[in-house]
Amino acid sequence: MTAFGYRLPAMSSLLVWGLLWEIIGQLHLTFFVPPLSQVIITLVEIIGTPAFLKALRETAIAFLSGVAASVLIGIPVGILMGKNRLIDEILLPWVNIFLSAPLTALVPVLMVLFGFGMTSIIITTTLFAIWIIILNSRAGVLQINRSLVEMARSFGASPLDAFFKIYVWAALPEILGGVRIGVIRAVKGVIIGQLLISIVGFGALFELYSSNFLMGHFWAVLLVLFGMAFAISEFLGYLERRVAYYAASR
Amino acid sequence: MSQTDAATAPSSGPAPDSAVSVRNVSKNYGPVEALKNLSLEFPRGELTSLLGPSGCGKTTLLKIIAGLLQPSAGEIVIDGNTVTAPGPDRAFVFQDFALLPWASVIRNVAFGLELRGVARSEREAIAEKYIANVGLSGFENSYPHQLSGGMRQRVGLARALSVDAQVLLLDEPFSAVDEQNRRKFQEDLLELVRNENKTFIFVTHSIEEAVYVSDQIAILLPRPSRVSEIIRPSGFRNKGIENIRRDPEYLDIVDEIWASLRSYAE
Ligand SMILES: Nc1ncnc2c1ncn2[C@@H]1O[C@H](COP(=O)(O)OP(=O)(O)OP(=O)(O)O)[C@@H](O)[C@H]1O
Ligand SMILES: [Mg+2]
C-alpha cells in the first residue's frame, strides 16, 4: 500500500485503528474502552503473572489438541468423501448441518456426555474447526484432474502412494484454506468452551475481568488472543501462497 | 505359449511375434458402445498406429491395454498373460500430459521410478538422460506451468521412456507440438523404434503422421468401433528419412486411407 508516494509498511491500517482507539479512550467516553496505552501497560503487567501463564497453558493445550484433532480427522475424511461417492452421500448432509449449526447450543449436550473437564472443551474446539476443513479437503479432491490419478495408477502407485503423492498435494491449496478458516473458528470454540463448560484458561480470565469491570485487563487478554490467532492465520496464509503457483494451473 | 508352435510350424514367412494381443474386446460406457468385438495384434518391436475419427474409441482401447479400464468383454494378452491391471511392462503417455504441477520437470520424469522405489540419485540420473533425449536439458528444475504445451508433452514422453517398459502406449503425443517440432519428433520417434527394441502403440489423428512413423496402421471406424483395415507400409522404410514424404508408396497409402476415412469427416 502507498500513500502520498510513500510505501507504507504492512499492517499500517492497524496503526490508524490503534490511534483511533487511543483517542476514544483518552476522551473517557465509556469505561468499556480504556485507552490503548493503558491496555498495553496492563498487558505488560499481567503477561508474566502465574495466573496468566496458567490460563495461557490451559488455553493452548485445548486449542492445539482441538486443532490437531480437526486436521488429523478432517483432512482424511474430506479426502475420502471426495474420492468415494457412497461415503460422500452418507456424510455430506451432516457436515453441512454441523457447519451452519449453532454449535454453542450443543455445548450443554457435550457437558452431559463428556463431563465438565478438558475433554469437553477440546471436543467443542474440534466441532468448531473440523467441518470447514472437511468441506475444503473434499472440494480440493473433487477438482483433481482425473488423469493425474490414472497416471499414478499406470505407473504402479498403491492406494497409499496415490493418497500421499497425488490427492494430498493436488488438494493442498484448498486444504490449507480450510485449515486457516478452521483455526480461526477454533479460537472461537476454545473460548466458548472455556466460558460455558468449566471456567478455566482465558475464558476464566475474561469472566473474572469483565465481572469485576477490569476492562483494561479484559482488553489486554483479548489483544493477546487476537495476536496469536492473527499470527497463526498469517503463517497458514503464507503456506497457501507457497502453493499458489500451482493452484491456478492444475 | 504357442510361440514355439508358431516357430516350428511350416509357414510361408516368419510368423509375426505379437507383443500385445487384443482379443474380441468390447467396451460399453452405459448405453454407449465404445468398442465392439475388436481384435488386433501388435507385433513386437514395431510401431502400430491407431487411426480413426474423433470419439471412435482410441483412448479407450489404449487405456484397456494399459489396464486402467476393464473391458466389458474379451481380453488383452501380453506375453501369454491376461492383463487385469497396470504393470511395469507398459508405460503410458497421456493425451493431456498428466504432469504433477507441484513437481519440477526432473521429479515428474522420475515419478514412475519413484513409485517403483528406485533410489533418488539413481532415478534422477536416469531422468536426466531422458530429459536430454527429448531435448529439455536445462529445464530440469522448471515447473510444468513454466513450460509450453509441446514441452510438457515431452516431459510426459520422457517419463514413459525412463521406466524402460517393453510396451509404450502413446495417446496423441505430438498433438500440442508445432509443425516443425512435430516433424523433428516424428524423426526422433523412428530413431527410437529402431534403437530400442520396444513395442509402440501410437494414437494419432494425422494420416500423414501415421503413414510416416508406422510399421502397421490399424484404421478404426466408429459406432461400434472395429478395425476396418490394417495397412503395413514397408517399401519406403529403408530409403532414408528425408525421402519418405516424396515416396510414391507413401503418397498412395495416404490417399488410400483418406479415401476410406473421408466419409466420416464432418
Ligand atoms: N468415461 C466415459 N463415460 C462415458 N462415455 C465415455 C467415457 N469415455 C469415453 N466415452 C465415450 O466413448 C467413446 C470413445 O471415446 P474415446 O475417448 O476412447 O475416443 P477417442 O477415439 O480417443 O477420441 P479422440 O480422438 O477425440 O481422443 C466416445 O463416444 C466417448 O463419448
Ligand atoms: Mg482420445
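## Chain A, element by element

Helices here are DSSP runs of H or I with at least four residues, strands are DSSP runs of E with at least two, and both are numbered from the N terminus. With that in hand, chain A of this predicted model reads β-β-α-α-α-α-α-α-α-α-α-α-α from the N terminus on. That comes to 11 helices and 2 strands.

What does the C-alpha trace of chain A span along its principal axes? The answer is about 70 × 60 × 30 Å. Chain A has 250 residues, and 44% of them are buried.

## A domain from the record

Over on chain B, UniProt lists residues 20-253 as "domain: ABC transporter", and the entry is an unreviewed one. Across residues 20-253 the chain is 33% helix and 26% strand. The C-alpha atoms at the two ends of that stretch sit 25 Å apart.

## Around ligand 1

Now for ligand 1, which has 13 residues around it. Coming nearest are Ser54(B), Lys58(B), Thr59(B), Thr60(B) and His205(B). Sorted by class, the shell holds 7 polar residues, 3 charged ones and 3 nonpolar ones. Which element gives the most to this shell? Helix α2 of chain B, residues 58-66, does, with 3 residues.

Some contacts with oxygen atoms of ligand 1 can be spelled out. In the side chain of Thr60(B), an N or O atom is 2.5 Å from an oxygen atom of the ligand. For the side chain of Lys58(B), the matching distance is 2.7 Å. Gly57(B) joins in through its backbone, with an N or O atom 3.0 Å from a ligand oxygen. As for cover, ligand 1 taken alone exposes 630 Å², and the protein buries 62% of that.

## The magnesium ion

Ligand 2 is a magnesium ion, and its protein donors are OG1 of Thr59(B) and OE1 of Gln95(B). These donors lie 1.9 to 2.7 Å from the ion. Where in chain B do Thr59(B) and Gln95(B) sit? Thr59(B) is in helix α2, while Gln95(B) is in the loop between β6 (90-93) and α3 (105-109). The two are 36 residues apart, so the pair links distant parts of the chain.

Are these two donors buried or exposed? Neither label fits: Thr59(B) has a relative accessible area of 24%, so Thr59(B) counts as partly exposed, because buried means under 20% and exposed means over 50%. Gln95(B) is partly exposed too, at 34% relative accessibility.

Definitions and conventions:
Residues numbered from 1 in each chain as written. Chains lettered and ligands numbered in written order. Predicted model: local features only at pLDDT ≥ 70, side-chain atom pairs only at ≥ 80, totals over all residues. Heavy atoms only, no water. Near = heavy atom within 4 Å. Polar contact = N/O pair within 3.5 Å; in protein donor to acceptor, adjacent residues only side chain to side chain. Areas by Shrake-Rupley, 256 points an atom, 1.4 Å probe, with all protein chains shown as cover. Nonpolar A, V, L, I, M, F, W, Y, C, P; charged D, E, K, R; others polar. Donors = N, O, S within 2.8 Å, 3.2 Å for Na, K, Ca; no water. Buried < 20%, exposed > 50% of the residue type's maximum accessible area, 1.4 Å probe, protein only. UniProt positions renumbered as here; feature names shortened; annotations may be inferred.
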